Each structure stands twice: as C-alpha cells, then as structure tokens.
Amino acid sequence: PEWVATPHPHLETRLAKGEISIDGDLGDAGWQGLTPARNFSEHEPGDQTRPPVDTEVLVTYNDEFLYVAWICYDDPAQVRATFTERDRIWNDDYVILTIDTFANQGWAYEIASNPLGIQGDLLWSSNSGEDMTYDLIYYTSGRITDQGWQVEMAIPWTSLRFPDNQDQEWRVDFWRNQPRDVRDVRHQQGPHFV
C-alpha cells in the first residue's frame, strides 16, 4: 500500500478473540483479524517523512492484559540486539509504547523492548522529563525473523492507572528506534586486562 503520513491517527481495538502466549510468535488466535497500525512517520533525522523501514503494530486486550505486538521490517543481519540487563537497551534497536492513560499530557508510561524481549521502561512527566528509575511489571518476548524482528508485550491492567470510566480514550505513541550510523564505542573495543 502507498505510504501516507497520518499525523493524528485514530486506533480502535477490540477484545482478543483467543489466547495469546508471550513467546515472540504472532500466530496465536488472539492476534488474528486485527487491523494493524501502520504508515508511521519518521521524526528524526527526517521530519514527518517516510521511515527507511516499515513497522506495524497490533493492539488488543482481555480481562487481565493490554497486548501489543510490533512487526519491525528490516534486514535481519543489520538488527542491533543485545542480551543485557533491563533498562540497558538504549543502544539497540528497540520499540517504545508510550501511553498517556488520562489523555492530559501530564505524564505517561514508556514501555520498551529490544528485539530479544529485553525490557526498558520509564515514567515521563511534563514537569520532570523521563524517570529512568521507574519499573513497571509487564511481560515481553521478541525474536529476529527473516523479515526483521517482532516483539510481543503483555501489560497487566493492575500495572496501569487510568480513569474509572466505561469507555477509555488514551493518547498513545508507537516509537521505533533503528540505530545504524552510530555505534557506542564501548561495543567496538576488545577486552582489557589489568
């Protein structure tokens, strides 16, 4: 399909029609029949331009979890993924789900994963910026595929604060980082013995 920038898209989701196992495989019944979010815009270095790689995102839920699946198209040989500790993924390829559950731009959850399912999370506020010490309980799994990589997330409703309303309207941002031109020099150095 032709790429068309959509600055303020509207995404509706529905109850999962089956089980979802967080294992990096998107073949579960719960993912089937969902319309993916796509046609994302690049913010940097481009300014609302078509990204060099495509991304699709699926969103669904059940009584326990909010589920998000990311399909990140790319050359699998170029994907940067480190098996590392939580919150140390920021030099890798990664995705971030930013959720403003009160839709007031006061604060938001930033829920991230690298291609191997290693987590990174932050709490953003309009007064203080990003709090890197924040830890949210959620589940992730990822895998590198022939077409790039993909990640599944399951976020327990008990981990999120949101209005006590029957209908929920949130602000959400789907962010993908694809570092290619710059590498952290720590990863280029060999071992040092003292």
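This is a short walk through a predicted model, from its sheet to its cores and its aromatic rings.

Start with the sheet. Five strands make it up, and the sheet is open. Read across it and the order is E6-E5-E4-E3-E9. The pairing is antiparallel. Two strands sit at the edges: strand E6, residues 129-131, and strand E9, residues 171-177. Each of these pairs on one side only. From one strand to the next, the twist averages 25°.

Now look at one pairing within that sheet. Strand E4 covers residues 107-113, and strand E5 covers residues 119-125. Seven bridges join E4 and E5 in the antiparallel sense. Pick out Trp 107 as an example: its bridge partner in E5 is Ser 125.

Next, turn to the nonpolar cores. The largest has 21 residues. Which of them touch the most other members? They are Val 68, Trp 70, Leu 97, Ile 111, Met 153 and Ile 155. Several strands feed this core with two or more residues each: E1 (55-61), E2 (65-73), E3 (94-100), E4 and E8 (148-156). Apart from this core lies another, of 11 residues. Among its members are Trp 31, Leu 34, Leu 58 and Ala 69.

Stay with Trp 70 for a moment. Set aside its neighbours within four places in sequence. Trp 70 is then in contact with Thr 55, Glu 56 and Val 57, and also with Val 95, Ile 96 and Leu 97. Its other contacts include Trp 149, Gln 150, Val 151 and Met 153. Phe 174 and Trp 175 are on the list too.

Finally, consider the aromatic rings. The whole structure holds 11 aromatic pairs. One of them joins Phe 40 and Phe 174, with ring centres 5.9 Å apart. Why is this pair edge-to-face? The planes of the two rings stand at 70°, and edge-to-face means an angle over 60 degrees. Phe 40 lies in the segment before E1, whereas Phe 174 lies in strand E9, so the pair ties together parts that are 134 residues apart in sequence. Phe 40 is partly exposed, at 22% relative accessible area. Phe 174 is buried, at 16%, because buried means under 20%.

Trp 90 and Tyr 94 give another case. Their ring centres are 5.0 Å apart and their planes are at 85°, so this pair is edge-to-face. Trp 90 is partly exposed, with a relative accessible area of 23%. Tyr 94 is buried, with 11%. Rings can also gather in a group: Trp 31, Phe 65, Tyr 67 and Tyr 139 form one aromatic cluster.

Note on methods:
Residues are numbered from 1 along each chain as its sequence is written. This is a predicted model: local features need pLDDT of at least 70, side-chain atom pairs count only at pLDDT 80 or more; totals for chains, interfaces and linings use all residues. Side-chain values use heavy atoms; hydrogens and water are left out. Two strands pair if DSSP finds at least two bridges between them. Helices (H or I, at least four residues) and strands (E, at least two) are DSSP runs, numbered from the N terminus. Axes are lines fitted to C-alpha atoms, for helices over the stretch in contact, and angles run from 0 to 180 degrees between N-to-C directions. A nonpolar core is a set of buried Ala, Val, Leu, Ile, Met, Phe, Trp, Tyr and Cys residues joined through side-chain atoms within 4.5 Å. Buried means under 20% relative accessible area, exposed over 50%, partly exposed in between (1.4 Å probe, protein chains only). Contact means heavy atoms within 4.5 Å. Rings of Phe, Tyr and Trp (its six-membered ring) pair if their centres lie within 6.5 Å; planes under 30 degrees apart count as stacked, over 60 as edge-to-face and the rest as tilted.
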